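Let's walk through this structure together, one region at a time. Have the sequence and the 3D view ready, and follow along as each residue comes up.

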Amino acid sequence: MTAVIDRRIAAGIVEDALSGVFSPEVVRGLREDSPLAGIGMAPADAVCVADAVAAAADQAGLVCQLSDGDFTAAHTVADLVSAVELAARKDAR
């Protein structure tokens, strides 16, 4: 499957989403290879992060719904950015 959106847009969505769930100061210091566990993200946080990703994508005129599988495979920020990059699509409104 090929990405519909640019990686920079996906990274911005992830940063906005993570900043809505975790400390924005901590999120700003993350690199792509930073482990999500390093910011305190536990499996139970996936629902909150998925909701925050959907909201951030909506702000960008996109739709992005992440599944449990996306979070199972996401160990780093880069993994989460890739998941958003692949799952996001333009909003048909």
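A good place to begin is the second largest pocket, whose lining is made up of Ala11, Val14, Glu15, Leu18, Val27, Arg28, Leu30, Arg31, Glu32, Val77 and Val81. Three elements, α1, α2 and α5 (77-87), each give two or more residues to this lining. The largest share, four residues, comes from α1. Sorted by class, the lining of the second largest pocket has seven nonpolar residues, no polar ones and four charged ones. Its volume is about 180 Å³. Please keep in mind as you look around that this is a predicted model.

Two of those lining residues, Arg28 and Glu32, are worth following further, starting with arginine 28. Its salt-bridge partner is glutamate 25, with the closest N and O atoms 3.8 Å apart. Both residues sit in helix α2, three residues apart, which is about one turn of the helix. Are these two partners buried or exposed? Arginine 28 counts as exposed because its relative accessibility is 54%, and glutamate 25 counts as exposed because its value is 55%. The cut-off for exposed is over 50%.

Salt bridges with shared partners also build a network, which joins Arg7, Glu32 and Glu85. Within it, take the pair of glutamate 32 and arginine 7, whose side chains meet in a salt bridge at 3.2 Å, N to O. This pair links distant parts of the chain: glutamate 32 lies in the loop between α2 (24-28) and α3 (46-59), while arginine 7 belongs to helix α1 (residues 7-21), 25 residues apart. Glutamate 32 is partly exposed because its relative accessible area is 39%. Arginine 7 likewise counts as partly exposed, at 27% relative accessibility.

Another salt bridge brings together the side chains of aspartate 6 and arginine 8, at 3.0 Å from N to O. How exposed is each partner? Aspartate 6 has 32% relative accessibility and so counts as partly exposed, whereas arginine 8, at 68%, counts as exposed. In total, the model has five salt bridges.

Glutamate 32 also leads us to threonine 76, a residue in the loop between α4 and α5. Which residues does threonine 76 touch once its neighbours within four places in sequence are left aside? Its contacts are Glu32, Asp33, Ser34, Pro35 and Leu36. Threonine 76 counts as buried because its relative accessibility is 19%, and the cut-off for buried is under 20%.

Let's finish at the largest pocket, which holds about 250 Å³ of space. It is lined by 13 residues, and those nearest its centre are Met41, Ala42, Pro43, Ala46 and Phe71. Two helices, α3 and α4 (68-73), each supply at least two residues of this lining. Which element gives the most to it? That is α4, with three residues. By class, the lining of the largest pocket has ten nonpolar residues, two polar ones and one charged one. You can set that beside the second largest pocket, with its seven nonpolar, no polar and four charged lining residues.

Note on methods. Residues numbered from 1 in each chain as written. Predicted model: local features only at pLDDT ≥ 70, side-chain atom pairs only at ≥ 80, totals over all residues. Heavy atoms only, no water. Salt bridge = Lys/Arg side-chain N within 4 Å of Asp/Glu carboxyl O. Buried < 20%, exposed > 50% of the residue type's maximum accessible area, 1.4 Å probe, protein only. 1 Å grid on protein atoms, 1.4 Å probe; cavity = no way out; pocket = protein on both sides within 12 Å on 5 of 7 lines; lining within 4 Å. Points joined across faces, edges and corners; volume = space filled by probe spheres on them. Nonpolar A, V, L, I, M, F, W, Y, C, P; charged D, E, K, R; others polar. Contact = heavy atoms within 4.5 Å.
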